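Me: I have a structure open and want to go through some local geometry. Can you take questions one at a time?

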Amino acid sequence: MAIGVVLFSLILVLSFVSPIYSLSSNYYDKTCPGAESIVANAVKNAATTDKTVPAALLRMHFHDCFVRGCDASVLLNSKGNNKAEKDGPPNVSLHAFYVIDDAKKGLEAACPGVVSCADILALAARDSVVLSGGPTWDVPKGRKDGRTSKASETTQLPAPVFNISQLQQSFSQRGLSMEDLVALSGGHTLGFSHCSSFASRIRNFNTTQDIDPSMHPSLAASLRGVCPTKNRPKNAGTTMDPSSTTFDNTYYRLILQGKGLFSSDQALLAVPKTKGLVEKFASSHKEFMDAFVKSMIKMSSITGGQEVRKDCRVVN
Ligand code: HEM
């Protein structure tokens with residue numbers, strides 16, 4: 001009886017804190033049966049002409065889910081006095097928003113007002129992984145789009161200088177485990193990073209060391225070449241791993257060699273639990289793929305919104 005009351009109260013409290021609605025794989029089967037192929041085509045068309053698109057969409061989905069849940073708040077434009085997430089410091093390097101607009105246009109023509117922008121982004125992230133040679137999975141759908149987006153809230157995103165306990169805290173606050181942290185960090189097998197994201201590791205690291213001792217000297221030397229202090233081009237940087245358009249487990253092998261790009265990548269070796277997982281994923285492509293899929297479904301199920309937006313850049 002007492003347990004029943006506690007459970008009931010918990011459900012009541014939770015229903016106020018976060019909107020509870022369940023996602024399902026067949027959510028649009030009746031209302032918009034072509035939804036998945038419309039999104040897949042938009043992603044494929046864009047990726048054919050621009051190889052940087054898949055990485056951009058995967059990161060966009062992660063940044064969406066970590067602020068206010070996966071509610072497409074990252075897609076809203078700033079308006080009037082309100083500076084949106086998109087214009088917050090960690091998000092200024094996000095790009096390829098036009099791919100989501102293209103998909104939305106196709107979806108509004110086929111089934112107006114039905115498919116949320118948050119679902120489009122979750123599907124586009126999955127399609128991006130598939131197009132890069134990674135695993136596929138069924139994306140649970142039925143997310144709603146949020147009506148709020150604040151640049152100030154992007155400070156809630158994990159930073160590349162985070163240590164393992166900061167990373168653990170950031171993930172656990174969203175119901176994600178250490179295993180999710182290690183598996184999802186594998187997203188860094190794709191894409192590009194600007195110098196600013198790792199600059200503190202390659203010069204003036206601390207009062208006694210110029211270079212982060214956890215970074216392999218050969219990587220530090222080449223990064224210093226790519227990122228000169230003077231006359232550095234605005235878009236200077238490096239690919240996250242040498243096979244940066246292929247979704248593979250190279251990322252983990254590099255970490256074991258001291259060649260992780262960010263402190264937050266290299267930090268995965270700091271405690272035995274995450275180090276063991278890095279070793280496991282480095283030695284088994286399949287273990288990585290399976291874990292990545294499981295954790296992506298978990299991350300992309302953090303819900304938050306209220307409506308189905310007509311235009312992904314503005315609230316209804
Ligand atoms: C664990 C905490 C994480 C931190 C601190 C972090 C940080 C960063 C930073 C600083 C960049 C480079 C941005 C730039 O300089 O332009 C980046 C890129 C990227 N991140 Fe993460 N990230 C994390 C987790 C994730 C997760 C969970 C995913 C997806 C599952 C992800 C996917 C990506 C991708 C694909 C890129 C390349 C983006 C592009 O080429 O446009 N990251 N990340």
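Reply: What follows covers a metal site, a helix pair, some backbone angles and several single residues.

Me: What kind of model is this, and how are residues numbered?
Reply: This is a predicted model, in which local features need pLDDT of at least 70, side-chain atom pairs count only at pLDDT 80 or more, and totals for chains, interfaces and linings use all residues. Residues are numbered from 1 along each chain as its sequence is written, and side-chain values use heavy atoms, with hydrogens and water left out.

Me: Metal first. Which protein donor does the iron atom of the ligand have?
Reply: His188, through NE2 at 2.1 Å, is the only protein donor of that iron atom. Donors are N, O and S atoms within 2.8 Å of the metal (3.2 Å for Na, K and Ca), and water is not among the atoms, so sites may look incomplete.

Me: Where is His188?
Reply: His188 is in the loop between α7 (178-185) and β1 (192-194). Helices (H or I, at least four residues) and strands (E, at least two) are DSSP runs, numbered from the N terminus.

Me: Now helices. At what angle do α2 and α4 pack?
Reply: Helix α2 (residues 35-49) and helix α4 (residues 97-110) pack at about 145 degrees, and their axes are 9 Å apart. Axes are lines fitted to C-alpha atoms, for helices over the stretch in contact, and angles run from 0 to 180 degrees between N-to-C directions.

Me: Is the crossing of α2 and α4 left-handed or right-handed?
Reply: The crossing is right-handed. The term is left-handed if the near helix is turned anticlockwise from the far one by less than a right angle, and right-handed if clockwise.

Me: Which residues meet there, α2 against α4?
Reply: From α2 they are Ala35, Ile38, Val39, Ala42, Val43 and Ala46, and from α4 they are Tyr98, Val99, Asp102, Ala103, Gly106, Leu107 and Ala110. Contact means heavy atoms within 4.5 Å.
The residues of this contact divide into 11 nonpolar, one polar and one charged. Here Ala, Val, Leu, Ile, Met, Phe, Trp, Tyr, Cys and Pro count as nonpolar, Asp, Glu, Lys and Arg as charged, and the others, Gly among them, as polar.

Me: Take Val39 from that list. Buried or exposed?
Reply: Val39 is buried, because its relative accessible area is 1%. Buried means under 20% relative accessible area, exposed over 50%, and partly exposed in between (1.4 Å probe, protein chains only).

Me: And what does Val39 touch?
Reply: Not counting residues up to four places away in sequence, Val39 touches Ala103, Leu107, Ile120, Leu123, Ala124 and Asp127. Pro228 is 189 residues from Val39 in sequence and 40 Å away in space, C-alpha to C-alpha.

Me: Backbone next. Which residue other than glycine has a positive phi near 65 degrees?
Reply: That is Arg68, found in the loop between α3 (53-65) and α4. Asn231 also has a positive phi, near 50 degrees, and lies in the loop between α9 and β2 (237-239).

Me: Why mention a positive phi?
Reply: Most residues other than glycine have a negative phi.

Me: How accessible are Arg68 and Asn231?
Reply: Arg68 counts as partly exposed because its relative accessibility is 36%. Asn231, at 79%, counts as exposed.

Me: Back to the loop between α3 and α4. What about Asp71?
Reply: Asp71 is in that loop too, and at 3% relative accessibility Asp71 counts as buried. Its side chain makes a polar contact of 2.7 Å with the side chain of Ser73. A polar contact is a pair of N or O atoms within 3.5 Å; within protein, one must be able to donate a hydrogen and the other to accept it, and residues adjacent in sequence count only if both atoms are side-chain atoms.

Me: Which residues further along the chain does Asp71 contact?
Reply: Beyond four places in sequence, its contacts include Lys144, Asp145, Gly304, Gly305 and Arg309. The C-alpha atoms of Asp71 and Ile302 are separated by 8.6 Å, with their positions 231 residues apart along the chain.

Me: One more acid, Asp212. Where is it, and which side chain does it pair with?
Reply: Asp212 is in the loop between α8 (199-202) and α9 (217-226). Its side chain is joined to that of Arg201 by a polar contact of 2.9 Å, and Asp212 is buried at 6% relative accessibility.
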